[in-house]
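Trainee: Could you take a close look at the salt bridges with me? After that, I'd like to hear how the sheet, the core and the helices are put together.

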Amino acid sequence: MANVLIAGESWISSTIEYKGYDSFTSTKLENGCAHLIKELEAHGHSVTHLFAHDVPELFPWSDKELDEYDVVILSDIGANSILLPDKVFNKGEATVNRLELLKSWVLNGGALMMAGGYLSFAGFEGKAHYHGTAVEDVLPVDILPYDDRREVPQGLLPQITKTNPITEKLGKFPPILGYQLATPKEGSEVLLTVDDNPLLITASFGKGRSLAYMSDIGPHWASNKFMDWNNYGEFYSRCISWLSNN
C-alpha cells in the first residue's frame, strides 16, 4: 500500500458573535479530509496530513523529502502557499521553487493528485492560480486562467466513461454539488464525466503518474450522499493505488 501526503484541505474560521452591547470572537481549525484519511487508512494506506497553514513552511523542500511519499495530493491549497514561504514573502530571500521541484519529482517517478475545491486548479476568482505553473505541466489537464467553478446545487451524477482498475465495478456514483472545468491534455484518459465535462482524468508524465479529480473530496461539493457512499473509500483508495502503481 502507499504512503500518502495530503497538503491543504483545512482552514481556520473566525466568528464574531454580537449579543446586545457585547461581542466576542472565536476561532476554529477545521479539517476537510478527516473522513478521507480514515477511509484511506482503513484500506491500508499510510497518510500524513499537512494542514494548510503549515504548507508554506513545511511542504517538502527537496527530492529526498518528497521521496518519503508514494503519492502527493494537493487539495484546496493555492499555489501561493507553496511558492511563498516566509523567507521569500517577508525576508526577500531566494529559495527553492517547490512547484518546479514537484514537477521534477513526478517526471522522475513520483505520483501527483490534485483534487478540486475553491483553492484548487484555477479556483474561486482564479485565486488558486495553478495556471501557467510547473505543476500544471504534470497534471493531465490544462487549467483555465480564471474562475473555473461550476456550482450545481441541484446535484449531478458522475458517469463512468472508461472502465479501468479505478472505476470497474463501482456501480452508480452519488451526486456531486459542484466541480471545476479544465481541458484534458492529449494522451490523457477521461475515466469519469459530469454533465459531459471531464471529472476524473489520468496521465503519465516521464516516469511518474498524475491524476486530476475535478470535484471536492469533502463537503460542500461532495454531497452527503457521496460522503455516505459505501464505495467512497474504495474509490479514493483505487486512485491512490493506480497512482502508486500498486
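**Salt bridges first, then the fold**

Mentor: Start with Glu17 and Lys19, whose side chains meet in a salt bridge at 3.9 Å, N to O. The term here means a side-chain nitrogen of Lys or Arg within 4 Å of a carboxyl oxygen of Asp or Glu. Bear in mind that this is a predicted model: local features need pLDDT of at least 70, side-chain atom pairs count only at pLDDT 80 or more, and totals for chains, interfaces and linings use all residues. Residues are numbered from 1 along each chain as its sequence is written, and side-chain values use heavy atoms, with hydrogens and water left out.

Back to that pair: Glu17 is partly exposed, at 30% relative accessibility, while Lys19 is exposed, with a relative accessible area of 54%. For those labels, buried is under 20% relative accessible area, exposed is over 50%, and partly exposed is in between, using a 1.4 Å probe and protein chains only.

Next come Asp137 and Lys103, with a side-chain salt bridge of 2.9 Å, N to O. Asp137 belongs to helix α7 (residues 134–137) and Lys103 to helix α6 (residues 98–107), so this pair ties together parts that are 34 residues apart in sequence. Helices (H or I, at least four residues) and strands (E, at least two) are DSSP runs, numbered from the N terminus. Both ends of the pair are partly exposed: Asp137 at 37% relative accessibility and Lys103 at 26%.

Then there's Lys127 with Glu125, joined by a salt bridge of 3.2 Å, N to O. Lys127 is partly exposed at 49%, and Glu125 is exposed at 51% relative accessible area. Elsewhere, Asp147, Arg149 and Glu151 form one network through salt bridges that share partners. The count comes to eight salt bridges.

Now the sheet. It's an open one with eight strands and mixed pairing, in the order β4-β1-β5-β6-β14-β13-β12-β9. The edges are β4 (46–50) and β9 (159–160), each pairing on one side only. Two strands pair if DSSP finds at least two bridges between them. At the β9 end, two bridges join β9 to β12 (residues 189–194), and these strands run antiparallel; Gln159 has Thr193 of β12 as its bridge partner.

Further in, β1 and β5 are parallel, with five bridges, and the bridge partner of Ala7 in β5 is Leu74. Strand β5 also pairs with β6 (residues 111–115), again parallel, over four bridges; there, Ile73 is partnered with Met113. Strand β5 itself (residues 71–75) is mostly covered, with five of its five residues buried. Its two faces are both covered: Val71, Ile73 and Ser75 on one side, Val72 and Leu74 on the other.

Leu74 deserves a second look. Beyond its neighbours within four places in sequence, Leu74 is in contact with residues including Ala7, Phe59, Met113 and Tyr130; contact means heavy atoms within 4.5 Å. Leu74 also turns up in the largest nonpolar core, which has 77 residues; Phe59, Leu74, Tyr130, Tyr213, Phe235 and Tyr236 touch the most other members. A nonpolar core is a set of buried Ala, Val, Leu, Ile, Met, Phe, Trp, Tyr and Cys residues joined through side-chain atoms within 4.5 Å. Helix α9 (residues 232–243) gives the most to this core, with seven residues.

That brings us to α9, which is mostly covered: eleven of its twelve residues are buried. Its twelve residues should span 16 Å at 1.5 Å a residue, and the end C-alpha atoms are 17 Å apart, which agrees; the expected span is 1.5 Å times one less than the number of residues. Ser237 lies in α9 and counts as buried, at 6% relative accessibility. Setting aside residues up to four places away, Ser237 touches Leu40, His43 and His45. Just after α9, Asn245 has a positive phi of about 60°.

Finally, helix α1 (residues 34–42) lies across β1 (3–8) and β4, at about 160° to β4. Axes are lines fitted to C-alpha atoms, for helices over the stretch in contact, and angles run from 0 to 180 degrees between N-to-C directions.
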